[in-house]
Amino acid sequence: MAELVVTMAIGPLVSMLRDKASSYLLDQYNVMEGMEKQHRILKRRLPIILDVIADAEEQATAHREGAKAWLQELKTVAYEAHGVFDEFKYEALRRRAKKNGHYTELGFGGIKLLTTSNRVVFRRRMGRKLSMILQDINVLIAEMHDFGLRQTLPVSKQLRLTDYSIIYSQDISRRSRYKEKNNIVDILLGQDHISAAHIQ
């Protein structure tokens, strides 16, 4: 039961990571300058992982050790990626505060003490971190195929398929009722013709 609770938290964790990676702040304040390609790749990879989490969780509850290990590694990588994107977000907020005049550099005689205020240092340090996250995610995607994890349809698509089958069966019953109704009308009209013939 505890294992099930642990795996169930991974879907929302990865979903929140996808939202952080797509934050408008990152683009607005250009905090991922020089890392745009890795950023785009990561934004493409996260939905792929989200699509197979349900299958991985199902296999983990069926005591398939590979799926359990994969989910545990995904959880670790997701937490690390959250930390990296939190740093990007804090840098974007720092730049916004500086732009709006709500931030002053700490330092003596113009020497900056905060390394994040140096864009070159920030870009180099965060570029390494983002590359490591992307490398880990690429490994997870390769393992995903090795373990035979498959995409599951989103609930909305499942509902649409179900709705179609309900509508289709309703349509069939509507058509059969229409035929029955016409048969009854024909019988009644036929009896009227017989009755009229007897009266004459």
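Where is the place of His 63? I looked this residue up first and found His 63 in the loop between α4 and α5. I note at the outset that the model is a predicted one.

**Entry: His 63**

I read the backbone angle phi of His 63 as about 65°, which is positive although the residue is not a glycine. I then asked whether His 63 is buried or exposed. The relative accessible area of His 63 is 56%. Exposed means over 50%, so His 63 counts as exposed.

**Entry: the protein as a whole**

I recorded 7 helices and 2 strands in the protein. Following the sequence, I wrote the pattern down as α-α-α-α-α-β-β-α-α. The protein has 200 residues, and 27% of them count as buried. I noted an accessible surface of about 13400 Å² for the protein, with 58% of this surface belonging to carbon and sulfur atoms.

I also looked at contacts between residues with a separation of 6 or more along the sequence. Of these contacts, 78% are between residues 24 or more positions apart.

**Entry: the nonpolar core**

Which residues have the most contacts inside the largest nonpolar core? I found Val 14, Trp 70, Phe 85 and Phe 88 in this role, within a core of 41 residues. The helices α2 (10-21), α3 (24-28), α4 (36-61), α5 (65-99) and α6 (119-146) each supply at least two residues of this core. The helix that gives the most is α5, with 11 residues.

I then followed Phe 88 in particular. Setting aside residues up to four places away in sequence, I listed Leu 26, Val 31, Met 32, Met 35, Phe 122 and Met 126 as the residues that Phe 88 touches.

**Entry: Glu 91 and Arg 95**

My next two residues carry polar side chains. I located Glu 91 in helix α5, and Arg 95 is in helix α5 as well. Are these residues buried or exposed? Buried means under 20% relative accessible area. Glu 91 has a value of 2%, and therefore I entered Glu 91 as buried. Arg 95 has a relative accessibility of 7%, so Arg 95 is also buried.

What joins the side chains of Glu 91 and Arg 95? I found a polar contact of 2.8 Å between them.

I next listed the contacts of Arg 95, leaving out neighbours within four places in sequence. They are Tyr 29, Asn 30, Val 31, Arg 119 and Phe 122. Two names in this list, Val 31 and Phe 122, had already appeared among the residues that Phe 88 touches.

**Entry: Asn 30**

Asn 30 is one of the contacts of Arg 95, and I looked it up in turn. Asn 30 lies in the loop between α3 and α4. Phi of Asn 30 is near 55°, a positive value in a residue other than glycine. I noted a relative accessible area of 36% for Asn 30. This value falls between the limits of under 20% for buried and over 50% for exposed, so Asn 30 is partly exposed.

**Entry: Lys 68**

Last, I turned to Lys 68, which has its place in helix α5. Its relative accessibility is 18%. The limit for buried is under 20%, and therefore Lys 68 counts as buried. How far apart are the C-alpha atoms of Lys 68 and Ala 56? I read a separation of 7.6 Å between these atoms, for two residues 12 residues apart along the chain.

Terms used. Residues numbered from 1 in each chain as written. Predicted model: local features only at pLDDT ≥ 70, side-chain atom pairs only at ≥ 80, totals over all residues. Heavy atoms only, no water. Core = buried A, V, L, I, M, F, W, Y, C linked by side-chain atoms within 4.5 Å. Buried < 20%, exposed > 50% of the residue type's maximum accessible area, 1.4 Å probe, protein only. Helix = DSSP H or I, 4+ residues; strand = E, 2+ residues; numbered from the N terminus. Contact = heavy atoms within 4.5 Å. Areas by Shrake-Rupley, 256 points an atom, 1.4 Å probe, with all protein chains shown as cover. Polar contact = N/O pair within 3.5 Å; in protein donor to acceptor, adjacent residues only side chain to side chain.
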